[in-house]
Amino acid sequence: TSNATMSRFKVLIANPSVPRIAHELLSKTCDVVTSSAYDRASIVKDLEAANGVDALFWATHNPVDKELLDAAGSKLKVLSTMSAGYNHIDTKELKARGIKLSNTPNVLNNAVADVAVLLAMAASRRFTEGRQHIEHGTWINYFDTQWMLGQDITGSTIGIIGLGGIGQAIAKRLKGFDVGKILYTGHREKPEGKAIGAEFVNLDSLIKNSDFIVLAAPLTNATHHMCNSDFFGKMKKTGILINISRGALVDHQALIKALKEGQIFAAGLDVMEPEPLNTDSELLKLPNVVLTPHIGSATNNTRNAMAELTAQNILRALSGQEMLTPVKI
Ligand code: DGY
């Protein structure tokens, strides 16, 4: 039976905190080993102890490179990452070895889009600075009509860089705030853009015209440090940068300078460079920055859905079926 065939497959879940659902699904038909720790050295050790695996359930931002794949052994058929992003994975090396790759798009769109909205609201209404005033006793104790004025989302122009599933979920939410206009840029114009009522523009025009710029594009060579001093120089002085993608889309030295010099109004970042952020980072001292620690997809339901999808992809790949969310490499 197919079950008997499947039982020969060995899977390493390379993260001890992966939701139970993944273990339940995989262990029905596979031998499942879970790594004891998150760090690369432990994972390599576990792979070597397992004497090679057929599938690797990846759920950290540790890089998957030649050395790691060597440790996984020549039986490896599929690598499934419990993340939407796969910039940490050497896809060329996977391709050369004939190893399939899957990720977890879509199931996290709403959770990540919620955090983008949270950051947009918090950054535009000076959340960090307001909190600091309360803490430091500098809360002005009379009604100064000009104190702590923020930027409106209502009527504003939103510029989304990368109108994928997450970008679309962000647009959908912000429409509920009666924004004036939604612009987007990316590789190409998308039919989904038209459906949402978003206008496809070039990057330059998006930077210059947006009140809020939301980074929702994957990290690639083309997007690495795309937000540099040149970028910030073109933004409106009242402009706000939101990043829920990957920290490395932003040159953080340039961002800090732009925030300090009032070249832009504020930034809201769920992702930064490096992660974890150094505790002495200037970003933590700036009043016009709102930070969350890469929690975009961190809800119970979303993490369970991500774990389930990752496990389903592995089971499908091992049984020769098309994966639900393959990455074309
Ligand atoms: C993702 O899904 O890419 C998140 O950043 C978690 O890794």
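A residue counts as buried if 20 or more other C-beta atoms lie within 10 Å of its own. The exercises below apply to a predicted model.

**Exercise 1.** Determine which residues of strand β3 (residues 55-58) are buried on each side.

*Solution.* Take one side of β3 to begin with: Ala55 and Phe57 lie there, and both are buried. Then turn to the other side, where Leu56 and Trp58 are buried as well. Both faces of β3 are therefore covered, given the cut-off of 20 or more C-beta atoms within 10 Å.

**Exercise 2.** Identify the strands that pair with β3, and give the sense of each pairing.

*Solution.* Strand β1 (residues 10-13) pairs with β3 in the parallel sense, over three bridges. Within this pairing, Phe57 of β3 is the bridge partner of Ile13. Strand β4 (residues 78-81) also pairs with β3 in the parallel sense, over four bridges. Here Trp58 has Thr81 in β4 as its bridge partner.

**Exercise 3.** State the handedness of the unit that β3 and β4 make with helix α4 (residues 66-72).

*Solution.* Follow the chain from β3 through α4 to β4: these elements make a β-α-β unit. The unit is right-handed.

**Exercise 4.** Give the strand order of the open seven-stranded sheet, name its edges, and examine the pairing of β9 with β10.

*Solution.* The order is β8-β7-β6-β9-β10-β11-β12, with parallel pairing. The edges are β8 (199-200) and β12 (289-291), each of which pairs on one side only. Inside this order, β9 (residues 212-215) and β10 (residues 240-243) are joined by four bridges in the parallel sense. Phe212 stands opposite Ile240 of β10.

Terms used: Residues are numbered from 1 along each chain as its sequence is written. This is a predicted model: local features need pLDDT of at least 70, side-chain atom pairs count only at pLDDT 80 or more; totals for chains, interfaces and linings use all residues. Two strands pair if DSSP finds at least two bridges between them. Helices (H or I, at least four residues) and strands (E, at least two) are DSSP runs, numbered from the N terminus. A residue is buried if 20 or more other C-beta atoms lie within 10 Å of its own, exposed if 12 or fewer, and partly exposed in between; C-beta atoms are placed from the backbone. A crossover is right-handed if, with the strands pointing away from the viewer, the path from the first strand over the helix to the second runs clockwise.
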